[in-house]
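Subject: Structure for you to look at

Hi,

Here is the structure I said I would pass on. Have a look at it first, and then read on for what turned up.

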Amino acid sequence: MKLVRTLFGIAFSCMLLAAGYWHIDLIDSRPKADEALSEAPSEIWLQFSVPPDLEQSGIALLGTSGMVELEEVVLVDSVSVSAKVVGAMAAGEYIVSWRAA
């Protein structure tokens, strides 16, 4: 029984290390958070701490009038993704939300 607990402890520790290793953080963006722009951006660009899986990555842009249409998310380089803005953007505040794994 002690061997089973030891093996479980080792396996659990390895899972925690792997989860920490693959944790993805946003490093940079364009536009920047809380940046005031004089005109609407043509794309949303995000840079991460590790290469994102494109199939599990997404970007959404929400304004006071609802969601703004974006083109498909594409890889820019090994750690960056972007999506071109297709929909119209009136003056106001917008929220960019993203997911990446």
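Before the pocket, a word on what counts as one: a pocket here is an open set of grid points where a 1.4 Å probe fits, with protein on both sides within 12 Å along at least five of seven lines. Rolling a probe the size of a water molecule over the atoms shows where empty space is left. One thing to keep in mind throughout is that this is a predicted model.

So, how much space lies in the largest pocket? The figure is about 600 Å³. Its lining is made up of 27 residues, and those closest to the centre are P31, K32, E35, L37 and Y94. Three strands each put at least two residues into that lining: β1 (26-30), β2 (43-48) and β7 (95-99). By residue class, the lining splits into 18 nonpolar, six charged and three polar.

For the overall layout, the protein chain has one helix and seven strands. Going along the sequence, the order reads α-β-β-β-β-β-β-β. The chain has 101 residues, of which 24% count as buried.

Now for the part I'd zoom in on, the stretch from β1 into the loop that leads to β2. 

- D28 and K32 join their side chains in a salt bridge, with 2.3 Å from N to O. The count of salt bridges comes to one. Are the two partners buried or exposed? Neither label fits: D28 is partly exposed because its relative accessibility is 22%, and K32 is partly exposed too, because its value is 45%. The cut-off for buried is under 20%.

- R30 sits over the face of W45, 3.9 Å from the ring centre.

- The peptide bond that runs from R30 to P31 is cis, and its omega is near -5°. P31 itself belongs to the loop between β1 and β2.

- D34, in the loop between β1 and β2, has a positive phi of about 65° even though it is not a glycine. D34 counts as exposed because its relative accessibility is 83%.

As background for the cis bond and the positive phi: most residues other than glycine have a negative phi, and most peptide bonds are trans. You may want to look at both spots in your viewer.

- L37 is in the loop between β1 and β2 as well, and its relative accessibility of 41% is why it counts as partly exposed.

Next, a couple of contacts that link distant parts of the sequence. L37 and A91 are 54 residues apart in sequence, yet their C-alpha atoms are 9.5 Å apart in space. The other case is A88 with A40: these are 48 residues apart along the chain, and 8.5 Å separates their C-alpha atoms. Where is A88 found? A88 lies in the loop between β6 (80-84) and β7, and it counts as exposed because its relative accessibility is 75%.

Last item: the count of aromatic pairs comes to one.

If you only have a minute, start with the R30 to P31 bond, which is cis, and then move on to K32, which is among the residues closest to the centre of the largest pocket and also takes part in the salt bridge with D28.

Cheers

Notes. Residues are numbered from 1 along each chain as its sequence is written. This is a predicted model: local features need pLDDT of at least 70, side-chain atom pairs count only at pLDDT 80 or more; totals for chains, interfaces and linings use all residues. Side-chain values use heavy atoms; hydrogens and water are left out. A salt bridge is a side-chain nitrogen of Lys or Arg within 4 Å of a carboxyl oxygen of Asp or Glu. Buried means under 20% relative accessible area, exposed over 50%, partly exposed in between (1.4 Å probe, protein chains only). On a 1 Å grid over the protein atoms alone, a cavity is a set of points where a 1.4 Å probe fits but cannot get out, and a pocket is an open set with protein on both sides within 12 Å along at least five of seven lines; lining residues have an atom within 4 Å of a point. Grid points are joined across faces, edges and corners, and a volume is the space filled by probe spheres set on the points. Helices (H or I, at least four residues) and strands (E, at least two) are DSSP runs, numbered from the N terminus. Ala, Val, Leu, Ile, Met, Phe, Trp, Tyr, Cys and Pro count as nonpolar, Asp, Glu, Lys and Arg as charged, and the others, Gly among them, as polar. Rings of Phe, Tyr and Trp (its six-membered ring) pair if their centres lie within 6.5 Å; planes under 30 degrees apart count as stacked, over 60 as edge-to-face and the rest as tilted. A charge sits over a ring if NZ of Lys or CZ of Arg is within 6 Å of the ring centre and within 35 degrees of the ring normal.
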